[in-house]
Amino acid sequence: MKIICIGRNYLAHIAELDHDLPSEPLFFMKPASALLLPHNPFFYPDFSKEIHYETELVLRICKPGRSIEERFAPNYYDAITVGIDFTARDLQRKCIEKGHPWEIAKAFDSSAPIGEFRKINALKNPEAIRFGMKLNDQWVQQGVSTDMIFNFNRIVSYVSHFVTLKEGDYIFTGTPQGVGEVHVGDKLELFLEDESVFWFRVK
Ligand code: ZN
């Protein structure tokens, strides 16, 4: 199992971090040890003083594929949920400045909480999937899949030209605006459409 993450996929988020608009999807990966499953807390790591949440739709790959054409991409994912792409923003800033890889800022243990999956065709509105996150019971991020620069099919097709996708792989599809810091004691709750799919605390 592998976790693939798309960066810079919503205009308003690119603006808030002052990044350039990508001409192609940008992706990076997290190892299996980054997974944080429901009913577990997130332990604030000691190597960062600025852990940010990024709330994202997460696809689950349902069959193996490589060099998938965009028009066939819907056959390769069947379920979706919401996850957090935890980011050590202080470390990421240094990596970007030096032109280094992002792993220490993105791939650390428990940096990928992933909620309970739902079948995409069972959603109320699969063409415009709403999602969001409440931090301590207040909305801090709300997004809709139609705001993505690169849609699910483009992402699956693009990634599969470089990396063979396998059943059970996860793809984080980028965060909308509103990213921010978490602190010890915070409660994070993830929503897919109107349903809570995961909540956990920062310890
Ligand atoms: Zn992200």
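Reader: How many nonpolar residues are in the lining of the largest pocket?
Author: This is a predicted model, where local features need pLDDT of at least 70, side-chain atom pairs count only at pLDDT 80 or more, and totals for chains, interfaces and linings use all residues. A pocket is an open set of 1 Å grid points fitting a 1.4 Å probe, with protein on both sides within 12 Å along at least five of seven lines; lining residues have an atom within 4 Å of a point. The lining of the largest pocket has 4 polar residues and 1 charged residue. Its nonpolar residues number 6.

Reader: Which charged residue helps line the largest pocket?
Author: The lining includes Tyr77, Ile120, Thr146 and Phe152. Asp, Glu, Lys and Arg count as charged. The lining has 1 charged residue, and on the list this is Glu127.

Reader: Which residues does threonine 146 touch, leaving out those up to four places away in sequence?
Author: Threonine 146 sits in the loop between strand S11 (138-144) and helix H4 (152-160). Helices (at least four residues) and strands (at least two) are DSSP runs. Contact means heavy atoms within 4.5 Å. Threonine 146 touches Glu127 and Ala128.

Reader: How far is the C-alpha atom of threonine 146 from that of alanine 79?
Author: Along the chain, threonine 146 and alanine 79 are 67 residues apart. Residues are numbered from 1 along each chain as its sequence is written, and side-chain values use heavy atoms, with hydrogens and water left out. The two C-alpha atoms are separated by 17 Å.

Reader: What are the protein donors of the zinc ion?
Author: Donors are N, O and S atoms within 2.8 Å of the metal (3.2 Å for Na, K and Ca). In sequence, the zinc donor residues follow the spacing E-x1-E-x28-D. They lie 2.0 to 2.1 Å from the zinc ion. They are Glu54 (OE), Glu56 (OE) and Asp85 (OD).

Reader: Why does glutamate 56 count as buried?
Author: Buried means under 20% relative accessible area, exposed over 50%, partly exposed in between. Glutamate 54 is buried too, at 4%. Glutamate 56 is buried because its relative accessible area is 0%.

Reader: How many residues of strand S6 are buried?
Author: Strand S6 covers residues 77-84. The strand is mostly covered. Of its 8 residues, the buried ones number 7.

Reader: Which residue in S6 is the bridge partner of threonine 55?
Author: Two strands pair if DSSP finds at least two bridges between them. Strand S5 (residues 55-61) and S6 pair in the antiparallel sense over 7 bridges. In S6, threonine 55 has as its partner isoleucine 84.

Reader: Which residue in S9 is the bridge partner of isoleucine 80?
Author: S6 also pairs with strand S9 (residues 118-119). That pairing is antiparallel, over 2 bridges. The partner of isoleucine 80 in S9 is arginine 118.

How values were computed. Buried < 20%, exposed > 50% of the residue type's maximum accessible area, 1.4 Å probe, protein only.
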